[in-house]
Amino acid sequence: MKRERFLQLLKSVYGARDDAEEMGCSDFFELLPRYVDGVLEVSPGASTELPEVTHHIEQCPECAEAYQALLEMARADR
Amino acid sequence: MEVQCGAMETAWSNERWLSELQAENDVAWTTLRGRIVRGLRAYLGGRGTQALDTPTLVDDVAQEALLTVRSKLGGFRGDSRFTTWVYRIAVNVLLGELRRRRWDAMRPVQPHDQAPPWPLEEVAASPERQTRQREAWSLVRALIEGALTPYQRQVLLAHVFDEKPLDLVAGDLGVSRDAVYKAIHDARRKLRGELLARGITLGELTEVFGP
């Protein structure tokens with residue numbers, strides 16, 4: 001395993017929250033378009049209103065990859 | 001057709017997109033397909049995915065994404081741009097396919113059935129640092145083997161140490177992706193609690209294993 005991935009694992013271990021505060025991948029995908037629009041300021045404030053989405057991006061590398069991909073696709077469309 | 005309509009439809013409202021697509025307007029569907037293809041190419045263009053790419057990848061992903069959009073059109077809630085919602089579907093299709101190809105190309109011959117004796121590709125330069133790292137990993141490894149349930153350990157090893165995609169782990173176990181993510185989350189919480197109970201902080205582990 002690469003060091004970066006291992007450090008990410010350690011960070012996610014210590015970043016794990018209580019169940020009620022932890023969002024699953026399905027809920028994340030539902031909110032992701034709104035979040036990305038917020039980041040790109042189509043819907044100002046949307047991303048800062050969704051801290052649980054930010055946390056999930058930090059905890060789930062696959063969803064972080066999806067976030068980055070959607071951000072780039074949406075940005076290329078502006 | 002796609003180019004001619006491009007400037008016009010960039011200003012379409014969500015309602016306009018929905019009404020045109022639900023009315024089976026061929027121009028709207030063709031234009032949407034063009035937007036998806038353009039976005040996928042923009043994303044892939046900045047990445048070294050050529051080894052996993054095929055000439056038809058973008059077209060195949062766009063086609064599958066459009067089928068999903070068609071089936072879920074009534075579920076669009078309107079809390080984002082319509083096109084961002086569509087691109088999210090395309091991203092899921094694309095990354096799912098790339099992860100499956102990546103896994104097929106690099107799947108381990110012998111998947112982990114326990115935490116590895118040493119987790120990193122490299123070894124620290126100084127003997128003192130090596131000793132500290134091995135002591136720290138020895139503790140974390142013992143917690144993975146001793147504190148987690150067999151199910152938590154199984155999904156953690158498959159996803160984190162074998163780097164198997166979440167969807168494929170879920171498929172093997174016959175459960176949802178959310179269920180796999182929850183098991184990994186539970187494993188992390190368990191490990192965090194055990195480490196903190198021993199007074200070990202993230203800062204210490206980062207210092208031991210960091211560059």
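In this predicted model, F209(B) touches residues of both chains. On chain A, the contacts are R3(A), F6(A), L7(A) and L10(A). On chain B, F209(B) meets W118(B), L120(B), R129(B), Q133(B), A136(B) and W137(B). Residues up to four places away in sequence are left out of this list.

F209(B) also belongs to the largest nonpolar core, which has 90 residues. Together with L32(B) and F82(B), F209(B) is among the residues with the most contacts inside that core. Helix α5 of chain B, residues 82-106, gives the most to this core, with 11 residues. In soluble globular proteins, nonpolar side chains tend to be buried together.

The contact between the two chains takes 56 residues from chain B and 46 residues from chain A. The size of an interface is often given as the accessible area lost when the parts come together. Here, the area buried between chain B and chain A is about 4,700 Å². Carbon and sulfur atoms give 57% of this area. Three residues stand out on chain B: R88(B), Y181(B) and R188(B). They supply 14% of the area that chain B buries against chain A, more than any other three residues.

Charged and polar pairs also cross the interface. The count of salt bridges between chain B and chain A is 10. In the pair E62(A) and R99(B), which forms a salt bridge, the closest N and O atoms are 3.6 Å apart. Polar contact is found for 27 residue pairs across the interface, with both residues at pLDDT 80 or more. On the side of chain B that touches chain A, two or more residues each come from α3 (26-45), α5, α6, α7, α9 and α10 (202-209) of chain B. Of these, α9(B) gives the most, with 12 residues.

Two residues of α9 illustrate its surroundings. H185(B) is placed in this helix of chain B. Its relative accessibility is 1%, so H185(B) counts as buried. H185(B) touches A16(A), R17(A), D18(A), D19(A) and E22(A), with residues up to four places away in sequence not counted. K182(B) also lies in helix α9 of chain B. At 35% relative accessibility, however, K182(B) counts as partly exposed. The C-alpha atoms of K182(B) and K164(B) are 16 Å apart in space, and the two residues are 18 apart in sequence.

Helix α7 of chain B covers residues 150-161. At 1.5 Å a residue, its 12 residues should span 16 Å; the end C-alpha atoms are 15 Å apart, which agrees. Nine of the 12 residues are buried, so α7(B) is largely enclosed by the rest of the structure. The buried residues are Q152(B), R153(B), V155(B), L156(B), L157(B), A158(B), H159(B), V160(B) and F161(B). Their packing partners come from both chains. Chain A provides α1 (3-15) and α4 (61-76), while chain B provides α6 (127-146), α8 (166-173) and α9 (177-197). After α7(B) comes E163(B), with a positive phi near 60°.

Helix α3 of chain A, residues 51-59, has V53(A), H55(A), H56(A), I57(A) and Q59(A) as its buried residues. The cover over these residues of α3(A) includes α1, α2 (25-39) and α4 of chain A. It also includes α9 of chain B.

Notes
Residues numbered from 1 in each chain as written. Chains lettered and ligands numbered in written order. Predicted model: local features only at pLDDT ≥ 70, side-chain atom pairs only at ≥ 80, totals over all residues. Heavy atoms only, no water. Helix = DSSP H or I, 4+ residues; strand = E, 2+ residues; numbered from the N terminus. Expected span 1.5 Å × (residues − 1). Buried < 20%, exposed > 50% of the residue type's maximum accessible area, 1.4 Å probe, protein only. Contact = heavy atoms within 4.5 Å. Core = buried A, V, L, I, M, F, W, Y, C linked by side-chain atoms within 4.5 Å. Buried area = accessible area lost by both parts, 1.4 Å probe. Salt bridge = Lys/Arg side-chain N within 4 Å of Asp/Glu carboxyl O. Polar contact = N/O pair within 3.5 Å; in protein donor to acceptor, adjacent residues only side chain to side chain.
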